[in-house]
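I opened this notebook to record what I looked up, one topic at a time. Short entries follow the display.

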Amino acid sequence: MPPSKTVSTSAAETEQGTHVFHIVGYSSHQRGLGKAIKSGKFSVGGYKWMAFLFPDGAKLANGVDEHRFLAGLALADRKEKVYASYELRLADQSTGLFFPVLKVAPAEFSYGKCCGYSGYLQNRSVFEGSTVLRDDCLTIECIVTVIRRPRISEVKSFPKIEVPPSDITLHFAKLLEEKVGVDVTFSVGGQNVVAHKMVLATRSPVFKAEFYGPLREAGMEPIIIRSVQPDVFKAPSPFHLYRLLASF
């Protein structure tokens with residue numbers, strides 16, 4: 001009994017959404033260490049999210065990070081845990097074009113534990129002197145991808161592919177019988193029989209060298225066959241000719 005073979009598929013399902021956060025009057029927002037500017041809550045993948053930034057830095061897990069602009073993403077749903085990734089992009093206020101500043105790999109988000117707190121950090125003086133902040137306006141684009149549990153298909157038997165037997169010989173025989181594309185002539189007992197050079201060269205190294213080798217001769221037709229009687233040479237099956245010539 002042949003060995004069995006089965007197949008299954010695990011396909012990760014994702015849902016992506018984009019939120020654009022405009023901050024007008026950047027310098028007028030409440031400032032100070034740990035003071036955040038937050039976006040409105042937006043939905044991606046059935047969960048509520050919120051973009052944020054700390055203009056004057058925040059208390060990070062490894063200590064206080066002051067004088068650093070910090071931006072990121074937080075999950076705004078309570079009692080939820082979500083596996084997701086996100087990308088932050090800032091708009092160049094002089095051109096209106098967005099450019100990426102942070103890509104966060106897939107991680108688990110939960111309320112009050114924001115993966116985004118390890119988000120985009122930048123020296124505040126450098127940031128505030130760039131074209132990202134102009135006319136006291138700032139625009140952040142947040143692209144969120146929610147990753148759900150993979151959907152696993154049922155196990156199925158691996159499909160068996162039946163390869164039909166080759167019938168190329170019948171096709172060549174039909175071409176020979178209808179004299180389609182014949183390009184070589186044999187003289188057997190004074191009778192002419194036509195064939196295909198390519199087929200003969202494939203089946204016989206002698207004919208390959210004679211037809212396509214460096215010693216091939218121009219105007220060599222017809223090729224005279226002296227060792228076979230005409231009745232044998234012209235057997236009922238057209239492809240018998242090729243089997244016979246391959247033995248020469």
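The entries below cover strands, ring pairs, a loop serine and backbone angles.

**Entry 1. Source of the model**

I noted first that this is a predicted model. I read every value below with that in mind.

**Entry 2. Strand 10 and its partners**

I started with strand 10, residues 81-91. How many of its residues are buried? I found 8 of the 11 buried, so strand 10 is largely enclosed by the rest of the structure.

I then looked up its pairing. Strand 10 runs antiparallel to strand 11, and 10 bridges hold the pairing. I picked one bridge to look at: alanine 84 has alanine 107 of strand 11 as its partner. The two strands make a hairpin, with 6 residues between them. In that turn I found glycine 96, whose phi is positive at about 80°.

Strand 10 also pairs with strand 13. This pairing is antiparallel too and has 7 bridges. I checked two positions. Glutamate 87 faces isoleucine 143 in strand 13. Leucine 88 lies opposite cysteine 142 in strand 13.

**Entry 3. Strand 13**

Strand 13 covers residues 137-147. I counted it as mostly covered, since 9 of its 11 residues are buried.

Which strand is joined to strand 13 by 11 bridges? I found strand 3, residues 14-24, running antiparallel to strand 13. One position I looked up here was histidine 22, which stands opposite threonine 139 in strand 13. So my notes on strand 13 hold a pairing with strand 10 and a pairing with strand 3.

For reference, I wrote down the general rule: strands of a sheet pair through backbone hydrogen bonds, either parallel or antiparallel.

**Entry 4. Aromatic pairs**

I searched for ring pairs next. The structure holds 3 aromatic pairs. One of them joins tryptophan 49 and phenylalanine 109. Their centres are 5.3 Å apart and the planes meet at 80°, an edge-to-face arrangement.

Where do these two residues sit in the chain? Tryptophan 49 belongs to strand 6, residues 47-54, and phenylalanine 109 to strand 11, residues 98-110. They are 60 residues apart, so the pair links distant parts of the chain. I checked burial for both. Tryptophan 49 is buried, at 0% relative accessibility. Phenylalanine 109 is also buried, and its relative accessible area is 0%.

I looked at another pair, phenylalanine 52 with phenylalanine 54. Why is it edge-to-face? The ring planes stand at 70°, and planes over 60 degrees apart count as edge-to-face. The centres are 5.6 Å apart. Phenylalanine 52 is buried at 4% relative accessibility. Phenylalanine 54 is buried, with 4% as its relative accessible area.

I also noted a cluster: ring pairs connect Trp49, Tyr86 and Phe109.

**Entry 5. Serine 39**

I turned to a loop residue. Serine 39 lies in the loop between strand 4 (37-38) and strand 5 (42-44). Buried or exposed? I found serine 39 buried, because its relative accessible area is 7%, below the cut-off of 20%.

What does serine 39 touch, leaving aside neighbours within four places in sequence? I listed His19, Phe21, Met50 and Ala51 as its contacts.

**Entry 6. Positive phi values**

Most residues other than glycine have a negative phi. I therefore noted the exceptions I came across.

Aspartate 136 has a positive phi near 65°. It lies in the loop between helix 1 (124-128) and strand 13. At 27% relative accessibility, aspartate 136 is partly exposed.

Lysine 179 has a positive phi as well, near 55°. I placed lysine 179 in the loop between helix 2 (168-177) and strand 16. Lysine 179 is exposed, because its relative accessibility is 57% and the cut-off for exposed is over 50%.

**Entry 7. The open sheet**

I closed with an open sheet of 3 strands. What is the strand order? I read it as 17-16-18, with mixed pairing. Strand 17 (191-195) and strand 18 (223-225) are the edge strands, each pairing on one side only. From one strand to the next, the twist averages 30°.

Strand 16, residues 184-188, pairs with strand 17 in the antiparallel sense over 5 bridges. I looked up one position there: serine 187 stands across from asparagine 192 in strand 17.

Definitions and conventions: Residues numbered from 1 in each chain as written. Predicted model: local features only at pLDDT ≥ 70, side-chain atom pairs only at ≥ 80, totals over all residues. Heavy atoms only, no water. Pairing = 2+ DSSP bridges. Helix = DSSP H or I, 4+ residues; strand = E, 2+ residues; numbered from the N terminus. Axes fitted to C-alpha atoms, helices over the stretch in contact; angles between N-to-C directions. Phe/Tyr/Trp six-rings, centres within 6.5 Å; stacked < 30°, edge-to-face > 60°. Buried < 20%, exposed > 50% of the residue type's maximum accessible area, 1.4 Å probe, protein only. Contact = heavy atoms within 4.5 Å.
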